[in-house]
Amino acid sequence: MATLRPLAVEDVLRVNGSRRFATALAAASPFASLADALLAARRIWLNEVDVNGWLEAFDAHPAIGTTSPSVSKWSKEEQSAAISTATDSTAQELAEWNARYREKFGFVFMICASGRTAPEVLAQLKRRYANRPIVELEGAAQEELKITELRLAKLFSSETAAPTTSAEGHISQPDKAADHMRITGAHLGALPQPSANKASETTGISNRTRPPITTHVLDTALGSPASGIEVHLEMWKAASSPPSFDNKDFNGWTTLGSSITNNDGRSGQLMDIVDNVAPGFYRISFNTSKYAPSGFFPYVSIIFEIKKSQTTEHFHVPLLHSPFSFTTYRGS
């Protein structure tokens, strides 16, 4: 779906709170498709927006678990799974770790929370708290990019993008951004510069440009991409025997990520971008019942194994679906 008119800066600020990003993306519009907009957004965010712009975008987000009336509609939707699954004790622990994280890094904990439960978010927060600041800053920027991509899809799904006078709760705070720069800059200045041939090892930044496992869905009955299908990616992490024809235990799977296929039938990011994917068994599942209610398959799950010798390879696992049949293959 193409944008009917150039995007206004205020429209884009609903997607990403960095004014530099919003100005650049608005200037690059209109776009012929969502895919073109996503490519432009990724290029601008990673290549044109500086650390100040990243921090400005982070400041537009509430802490995970915040229930204030001032929280934007999109933020509420994105955090709905976490908030609905948080017990009193989990919510308290989440608030304490949010404060601890902000004190260490100088910015709010950034995570694409869509579909993630409170325990999942808390586990990620604790894991990433151990990161060095330079690594965490880069990771937070990647999470902001995921959120930006999801919100761009929402913006494109509307027939008209209603202008707003705020950035979904965003307030320009140059003094606050400067303070964040001081905190982060102090950490960055204290770190040794990594050698170019060991960038991935020493900074945690992957040489990949996409996650090791990706997917898309095609509707073979209509001959077009299948949009709006919920996708989940899981990994087998139980200590018991791995899944097999004889072992159909369903309790050993751990969710890595979830997404909704876009207008091109492609899912968003389902796992972290890492150089070496963990070997083991993976399951990718598609909620086909919502897409084709009268179809024969309420959902489709595909289980595959990544060998120890394949950890640097890419695994594209598409689904070719119709109401009464489906096929898959390993793509590139």
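This briefing covers the cavities, sheets, helix packing and one cis peptide bond of the structure above. The model is predicted. Two cavities of 30 Å³ or more turn up in a search of the whole structure. Helix 5 and helix 8 both help to line the largest cavity, and the axes of helix 5 and helix 8 come within 12 Å. One open sheet has the strand order 5-4-6-7; another open sheet has the order 3-2-9-10.

**Largest cavity**

- The volume of the largest cavity is about 120 Å³.
- Its lining is made up of 15 residues.
- H61, I64, Q79, I111 and I147 are the lining residues that lie nearest the centre of the largest cavity.
- By class, nine of the lining residues are nonpolar, four are polar and two are charged.
- Helix 5 spans residues 73–84 and helix 8 spans residues 133–157. Each of these helices supplies at least two residues of the lining.
- Helix 5 gives the largest share of the lining, with three residues.

**Helix 5 against helix 8**

- The axes of helix 5 and helix 8 cross at roughly 120°.
- An angle over 115 but not over 145 degrees counts as oblique, so helix 5 and helix 8 are oblique to each other.
- The crossing of helix 5 past helix 8 is right-handed.

**Helix 2, helix 3 and the cis bond**

- Helix 2 covers residues 19–28, and helix 3 covers residues 34–47.
- The axes of helix 2 and helix 3 come within 10 Å and cross at roughly 140°. Helix 2 is therefore oblique to helix 3.
- Helix 2 passes helix 3 in a right-handed crossing.
- P30 sits in the loop between helix 2 and helix 3.
- The peptide bond from S29 to P30 is cis, and its omega is near 5°.
- For context, most peptide bonds are trans.

**Helix 6 against helix 7**

- Helix 6 runs over residues 88–105 and helix 7 over residues 118–129.
- Helix 6 and helix 7 pack at an angle of about 30°, and their axes are 10 Å apart.
- The cut-off for roughly parallel is under 35 degrees, so helix 6 is roughly parallel to helix 7.
- Helix 6 passes helix 7 in a left-handed crossing.

**Sheet 5-4-6-7**

- Four strands form this open sheet, and the pairing is antiparallel.
- Strand 5 (253–260) and strand 7 (300–306) stand at the edges. Each has a single partner strand, so one side of each is left without a neighbour in the sheet.
- From one strand to the next, the twist averages 20°.
- Strand 6, residues 280–286, pairs with strand 7 in the antiparallel sense over seven bridges.
- F286 stands opposite V300 of strand 7.

**Sheet 3-2-9-10**

- This open sheet also has four strands, but its pairing is mixed.
- Strand 3 (224–225) and strand 10 (325–328) are the edge strands, and each pairs on one side only.
- Strand 2, residues 217–219, pairs with strand 9 in the parallel sense. Three bridges join strand 2 and strand 9.
- V217 stands opposite L319 in strand 9.
- Strand 9, residues 319–322, runs antiparallel to strand 10, and four bridges join the two.
- L320 has T327 in strand 10 as its bridge partner.
- A hairpin of two residues connects strand 9 to strand 10.

**Points to find in the viewer**

- For the largest cavity, start from H61, I64, Q79, I111 and I147, which lie nearest its centre.
- For the cis bond, go to S29 and P30.
- For the pairing of strand 6 with strand 7, find F286 opposite V300.
- For the mixed sheet, V217 opposite L319 marks the pairing with strand 9, and L320 with T327 marks the pairing with strand 10.

Note on methods
Residues numbered from 1 in each chain as written. Predicted model: local features only at pLDDT ≥ 70, side-chain atom pairs only at ≥ 80, totals over all residues. Heavy atoms only, no water. 1 Å grid on protein atoms, 1.4 Å probe; cavity = no way out; pocket = protein on both sides within 12 Å on 5 of 7 lines; lining within 4 Å. Points joined across faces, edges and corners; volume = space filled by probe spheres on them. Nonpolar A, V, L, I, M, F, W, Y, C, P; charged D, E, K, R; others polar. Pairing = 2+ DSSP bridges. Axes fitted to C-alpha atoms, helices over the stretch in contact; angles between N-to-C directions. Parallel < 35°, antiparallel > 145°, perpendicular 65-115°, else oblique. Left-handed = near helix turned anticlockwise from the far one by under 90°.
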